[in-house]
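Biologist: Before we discuss the fold, please tell me how each term is defined and how each conclusion follows from its definition.

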Amino acid sequence: QYTKSFVDMQLLAAKARKDGMDKTEAFKRKAETALTQVLATEILAKEGPVLQAKMVVKEEDAKAFYDKHKAQFMTPEKFNARHILVSIKSERAPTGLSEEDAKAKVAKIEEALKGGKKFEDAAKEFSDDPGSKDKGGLYENITFGQFVPEFEKAVRLQKVGEVGAAVRTPFGFHLIQVEKLIPADQEPFETSKEKAQAGATKERQEEVWSAFLDVIKKEIPFQYGAG
């Protein structure tokens, strides 16, 4: 099959030459591009083993990368919070309440909470959020930036454990009870080793490649776009 394909290709090439297709400017440009690619592949095949050896990254290199880029190895700031959503009628919530009725429902829930009703029980009974309703309104280990700004602003400002004033967002009104604020923290190297190894490898590859090209540029003056 390979021999047949090769013979067929030779036959097609002979026909193209007979028709003068190898004399056109378009063909000459394509042939020059192909030749350039083959030559580049050849030099890389020749120098490849040496370049690959220079790109090897050891554990101490990964540790050096970790120490140099510690900001990349931070666990993000997170929070745990419960909320009760009273949705307002919109395209995303066609069964939501009017603004006035939503405010009345919020007031009713606030009265129930003041009367001693547990927040999680109130969430299961009143919340319109299907993602947290059955969990008593709980969202855990949420990285800041995942929720709408109005919600996260309230999480930052409210006292932990207390239910704040209702917060209006595009989804409706939220009653929020912050359970925990988890500050950003530095990941230990041991748990970040794989990520540090990848970063160090990428950095080393770029350094080796740049140095390789710089040597060639000194030997052969070259400008992008020049013939």
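Modeller: Two strands count as paired if DSSP finds at least two bridges between them, and strands (E, at least two residues) and helices (H or I, at least four) are DSSP runs numbered from the N terminus. This is a predicted model, in which local features need pLDDT of at least 70 and side-chain atom pairs count only at pLDDT 80 or more, while totals for chains, interfaces and linings use all residues. Residues are numbered from 1 along each chain as its sequence is written, and side-chain values use heavy atoms, with hydrogens and water left out.

Biologist: What makes strand 2 and strand 5 a pair?

Modeller: The definition asks for at least two bridges, and ten join strand 2 (residues 78–87) to strand 5 (residues 172–182), so these antiparallel strands count as paired. Within this pair, Ala-81 stands opposite Val-178.

Biologist: Why are strand 3 and strand 4 called edge strands?

Modeller: The open, antiparallel sheet has the order 3-2-5-4, and strand 3 (138–143) and strand 4 (167–169) each pair on one side only.

Biologist: What makes helix 4 a neighbour that packs on the sheet?

Modeller: Contact means heavy atoms within 4.5 Å, and helix 4 (residues 99–114) touches strand 2, strand 4 and strand 5.

Biologist: Why is Leu-175 listed in a nonpolar core?

Modeller: Such a core is a set of buried Ala, Val, Leu, Ile, Met, Phe, Trp, Tyr and Cys residues joined through side-chain atoms within 4.5 Å, where buried means under 20% relative accessible area (1.4 Å probe, protein chains only). Leu-175 belongs to the largest core, of 13 residues, and is among those touching the most other members. A second, separate core of eleven residues includes Phe-79 and Tyr-139.

How values were computed:
Axes fitted to C-alpha atoms, helices over the stretch in contact; angles between N-to-C directions. Buried < 20%, exposed > 50% of the residue type's maximum accessible area, 1.4 Å probe, protein only.
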